[in-house]
Amino acid sequence: MPAIIIIGLQWGDEGKGKIVDFISENADLAVRYQGGANAGHTVVLNGKTYRFHHLPVAALRGKHVCLASGMVIDPVKLLEELGLLNKEGIRPKLTIDGKAHIVLDVHKMLDEAEESSGKGVGTTRRGIGPAYTYKAARVGIRFSDLAEIESVKPRLKKAVDMTRALLSDVYNMDVELNVEHVSQFLYDVASKLGKYVGDVSLLVNETLDRGGVVILEGAQGTLLDIDHGTYPFVTSSNTTAGAACNSVGIGPKRVDEVIGVTKAYTTRVGKGPFPTEMEEPIASMVREKGKEYGTTTGRPRRVGWFDAVAVKYSIMLNGATSVAVTKVDCLSGIDPVKVCLAYEFNGQELENFPSSLHVLEKCKPVYVELEGWRDLSEKEKIEALKGNFDVLPKQLRNYIEFLEELLARPIKYVSIGAERHETIVR
Ligand code: IMP
Ligand code: MG
């Protein structure tokens, strides 16, 4: 199975980091293909927590890791992340695609200004939206430009002028911005990261030609996709599996498997409609049990029941071939457990995720209630991790089998704890 895409089926934070880490043991290459430092992918190994914002989590296994052209990369954050890994004695081979864009201070200032105005969608303030805006406006700076900083100065000047005007006209902020400062920053980035710049597309295609295994690691989630998500409460990139091909530069026929990751419940950070959002005190119980606080921003996540309407929509958009369900352990002790089967809108029952936000905002979930399960004993965990699914509480098995039938995809992985090994392969 040479090219495998792993994507989130909800609003991000599905536990992709954990699943990607689990399956990347045999990878020859691991690639992140969109977004930037807004992502927070967590891996727990022997009690130690590793958080990745840019690097594919396979870096932890010492794999050759790549940042593809569809990304917007914050050099400061990337260097921090590399530094943290170096301290652990891990020095992964890294290739940054020359076509990937650089997140500059001007992007972060604009993101910050928008969020501070109180009118933002609740972004991570990592400059993601403005970096993609400038890319589309053709005033972005790419990693390949680091070799020719003088020749991109006119473009840089335009980006700086645009930022000054926006800050002043839209946000009433007069900020000193200087092209020389930005180009000095780029010279510094060139000296530190220039050696990693290469051609990820070529690398991935050549690896696949040789029969190698390439893991394409998505960030955020399908419902945050700029086209198919809950616009405008979305991120600024395409998060779906199709985008992986485009961002990396491979043909769609090269992809063999698309693994969709979903939590056993739902979370979202930031503003936007969320039909299955839980009531208190259950929301707080699940939030605490699942440690549902943003990896990147520390914000408490909004918590909800499993939404099959949304997840089925995501499975369709991505052509997911199998599903991984995470954080099943974090629902234990809650009884009953609800699953949303359809939405009620204006007295009608909707089975498909609406494309209009105006409709989604008015949708009420139609739930089925299932029996909850208790905490797993250590003995049950050990047996289950050996592949003996039948030792788990009947209610938990029912839940997984119920979801499997509902989603019409094999649930191949069930995660019952944060540690790498706490993953059941079915
Ligand atoms: P941005 O991506 O920082 O522009 O934020 C846009 C929206 O996407 C906000 O609601 C964020 O909370 C959300 N978001 C961005 N990245 C992630 C992520 O990795 N996990 C969950 N939500 C995210
Ligand atoms: Mg996350």
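## Where ligand 1 sits

Ligand 1 lies between two domains, because domain 1 (3–87 + 199–425) and domain 2 (101–195) both give residues to the shell around it. Keep in mind as you look around that this is a predicted model.

That shell has 16 residues, and the ones that come nearest to ligand 1 are N38, T124, T235, V269 and R299. What kinds of residues make up the shell around ligand 1: how many are nonpolar, polar or charged? The split is five nonpolar, nine polar and two charged.

## Polar contacts and cover

Now zoom in on the oxygen atoms of ligand 1. One of the ligand's oxygen atoms is 2.6 Å from a polar atom in the side chain of T124. With T235, an N or O atom of the side chain is 2.6 Å from an oxygen atom of ligand 1. G122 joins in through its backbone instead: a polar backbone atom there is 3.4 Å from an oxygen atom of the ligand.

How much of ligand 1 does the protein cover? On its own, ligand 1 has 470 Å² of accessible area, and the protein covers 97% of that.

## The magnesium ion

Ligand 2 is a magnesium ion, and D13 (OD) and G40 (O) coordinate it at 2.1 to 2.5 Å. D13 sits in the loop between β1 (3–8) and α1 (16–23), while G40 sits in the loop between β2 (29–32) and β3 (41–45), so the pair ties together parts that are 27 residues apart in sequence.

Are these two residues buried or exposed? D13 has a relative accessible area of 23%, so it counts as partly exposed. G40 comes out at 15%, and because buried means under 20%, G40 counts as buried.

## Two backbone angles to check

D13 is worth a second look, too. Its phi is positive, at about 60 degrees, although D13 is not a glycine.

N46 is not a glycine either, yet it has a positive phi of about 50 degrees. You'll find N46 in the loop between β3 and β4 (48–52). With a relative accessibility of 70%, N46 counts as exposed.

## Cis peptide bonds

Next, some peptide bonds. Y231 and P232 are joined by a cis peptide bond, with omega at about 10 degrees. P232 is in the loop between β10 (214–217) and α8 (241–248).

Another cis bond runs from E280 to P281, and its omega is near 0 degrees. Where is P281 found? Look in the loop between β12 (266–268) and α9 (282–289).

Technical notes
Residues are numbered from 1 along each chain as its sequence is written. Chains are lettered from A and ligands numbered from 1 in the order in which they are written. This is a predicted model: local features need pLDDT of at least 70, side-chain atom pairs count only at pLDDT 80 or more; totals for chains, interfaces and linings use all residues. Side-chain values use heavy atoms; hydrogens and water are left out. A residue is near a molecule or strand if one of its heavy atoms lies within 4 Å of it. A polar contact is a pair of N or O atoms within 3.5 Å; within protein, one must be able to donate a hydrogen and the other to accept it, and residues adjacent in sequence count only if both atoms are side-chain atoms. Accessible areas come from the Shrake-Rupley method with a 1.4 Å probe; for residues, only the protein chains shown count as cover. Ala, Val, Leu, Ile, Met, Phe, Trp, Tyr, Cys and Pro count as nonpolar, Asp, Glu, Lys and Arg as charged, and the others, Gly among them, as polar. Domain bounds come from an automatic or database domain assignment. Donors are N, O and S atoms within 2.8 Å of the metal (3.2 Å for Na, K and Ca); water is not among the atoms, so sites may look incomplete. Helices (H or I, at least four residues) and strands (E, at least two) are DSSP runs, numbered from the N terminus. Buried means under 20% relative accessible area, exposed over 50%, partly exposed in between (1.4 Å probe, protein chains only).
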